[in-house]
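This report examines how the chains of one assembly are built and how they meet. The sequence and the structure are shown first.

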Amino acid sequence: MNAIFALGLAILVIGVLSVAFVRPKTYVARLINLEIPAWGLLLIMLTYDEALAILTFVAVTAISTFVIVRLLSWRDASC
Amino acid sequence: MILILEAAFGFIALVGAISAALIRDSYGKLISLGVLVAGILPFIVDRGYIDVAITVALIAPIATIFVLMVARREEA
Amino acid sequence: MLDEILHIMAAAIISWILFVTVDIFFKLPETGGVSGASAIARDIEAGGGALSGGTMMGNIVCSPDASAGTLLAACGVYVAGIPGGLAAAVMVYVGNRICHDPGYAGTTGAVLATFVVYAFTLAGFAATDFIAGMVIAILTIQGLSHVHASRLLARLWRVRQ
Amino acid sequence: MIALYVVAAIAVFAAIRVIVEKNTGRKLPYANVLGFAVSGAVVLLIDHPLALVAAAAYFVGSTLESNAIASTYAGGVKR
């Protein structure tokens, strides 16, 4: 198995587990942990040679982070 | 890439991921996320996708700044 | 093998002297340029270091300074000769402007380092030696011991005053 | 070739120091060393003119990230 693929799988599993069992149960910690599996998935996509797909994935990850941040700021100080 | 370099940068990425999952402070989490990006960037460059590397290097801090907008409000 | 290690050590000493001289000449240890630099200086002082050395380390962290200029100029000379080094100087200036800094120290350091690295390339050094040497030099300032590094920088700053 | 090994060893050392250190303000200089080492390794891995742009982009990006984290941390402490 390719080393990049194995590393991506490991980071993906670590990230998914950390999002599921987040330690300080706040929205900010969960949002930061949500970034980890995104980078793992990017590393897996690197194994299949599609440059445009990776570019789109990176951009969409950043935009979805921004959308979630706006969503969190609508709920007032409760988070 | 040579096996030793692959092991070194993979170790950096794994350490960044594990510490970002386990650290409880939110600034520490963001710094560990930077360590994770530093670990995976040489793999992207080594595959030959320099344009993808430029995009990742420019977009990763922007995502961090977005998260900081929430972390600042939580701190106050 | 041994020759290359000696070249890397010599390049580390040369680039250390270069970027510390340029940084202290442009009065980096005097004030924190942004509020983050003073916060880092306060934390380093709380850990037992000196305040002016901590301010200079905070300034190096918070905006690309002469150290970044030296590293990117060495990279530029390795990739494309003297035009690469000047392009690296332009990129350092743009990065300085992004980080709300005037950008004199970074640009000056990059242009100066371009010619220094090119001159040593003619003298038998490789440009890769300077890249590794600059990483070793920044490790001795920021990475080994904050207490001793900030005290050393504070002593140099007192000499310049 | 030995320069690449030196840079990779320094990167591993800096990553371990970042994780072990507890204080946020003292973590950031180690993260800066990591940024130097990785942007040097990017240029040393591929000898191509665009690699210089990639290294400069990564360096400016990591500096901007450190700057944002440090100024938010300063504001949070002062308040």
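**Contact between chains D and B**

In this predicted model, the contact between chain D and chain B takes 35 residues from chain D and 31 residues from chain B. On the side of chain D that touches chain B, the elements giving two or more residues are helix 1 (2-20), helix 2 (24-45) and helix 3 (49-78) of chain D. Helix 3 of chain D provides the largest share of that side, with 16 residues. Sorted by class, the side of chain D that touches chain B holds 24 nonpolar, 8 polar and 3 charged residues.

**Chain B**

The partner in this contact, chain B, has 3 helices and 0 strands, and its elements run α-α-α from the N terminus on. The C-alpha trace of chain B spans about 45 × 25 × 10 Å along its principal axes. Of the 76 residues in chain B, 63% are buried. Among contacts in chain B between residues at least 6 apart in sequence, 34% join residues at least 24 apart.

Helix 2 of chain B (residues 26-46) invites a check of its length. At 1.5 Å a residue, the 21 residues of this helix should span 30 Å, and the end C-alpha atoms of helix 2 are 31 Å apart, which agrees. What is the environment of helix 2 of chain B, buried or exposed? In helix 2 of chain B, 21 of the 21 residues are buried, so the helix is largely enclosed by the rest of the structure. Gly48(B) follows helix 2 of chain B and has a positive phi, near 105 degrees.

**Contact between chains C and D**

Which chains share the most contacts among the 3 pairs of chains that touch? They are chains C and D. Their contact takes 43 residues from chain C and 37 residues from chain D. On the side of chain C that touches chain D, at least two residues each come from helix 1 (2-25), helix 2 (35-46), helix 3 (51-62), helix 4 (66-98) and helix 6 (127-143) of chain C. Helix 4 of chain C gives the largest share of that side, 14 residues. By class, the side of chain C that touches chain D has 28 nonpolar, 12 polar and 3 charged residues.

**Chains that do not touch**

The following pairs of chains are not in contact.

| Pair of chains | Distance between nearest C-alpha atoms |
|---|---|
| Chain B and chain C | 12 Å |
| Chain A and chain D | 14 Å |

**Helix packing within chain C**

Helix 1 and helix 4 of chain C, which both supply residues to the side that touches chain D, also pack against each other. The axes of helix 1 and helix 4 of chain C come within 8 Å and cross at roughly 140 degrees. An angle over 145 degrees would count as roughly antiparallel; the crossing angle here makes helix 1 of chain C oblique to helix 4 of chain C. Helix 1 of chain C passes helix 4 of chain C in a right-handed crossing.

From helix 1 of chain C, the contact is made by Ser15(C), Leu18(C), Phe19(C), Val22(C) and Asp23(C). Helix 4 of chain C contributes Ala66(C), Ser67(C) and Thr70(C). The residues of this contact divide into 4 nonpolar, 3 polar and 1 charged. As a general point, an α-helix has 3.6 residues a turn, so residues three or four places apart point the same way.

Note on methods. Residues numbered from 1 in each chain as written. Chains lettered and ligands numbered in written order. Predicted model: local features only at pLDDT ≥ 70, side-chain atom pairs only at ≥ 80, totals over all residues. Helix = DSSP H or I, 4+ residues; strand = E, 2+ residues; numbered from the N terminus. Expected span 1.5 Å × (residues − 1). Buried ≥ 20, exposed ≤ 12 C-beta atoms within 10 Å, placed from the backbone. Contact = placed C-beta atoms within 7 Å. Nonpolar A, V, L, I, M, F, W, Y, C, P; charged D, E, K, R; others polar. Axes fitted to C-alpha atoms, helices over the stretch in contact; angles between N-to-C directions. Parallel < 35°, antiparallel > 145°, perpendicular 65-115°, else oblique. Left-handed = near helix turned anticlockwise from the far one by under 90°.
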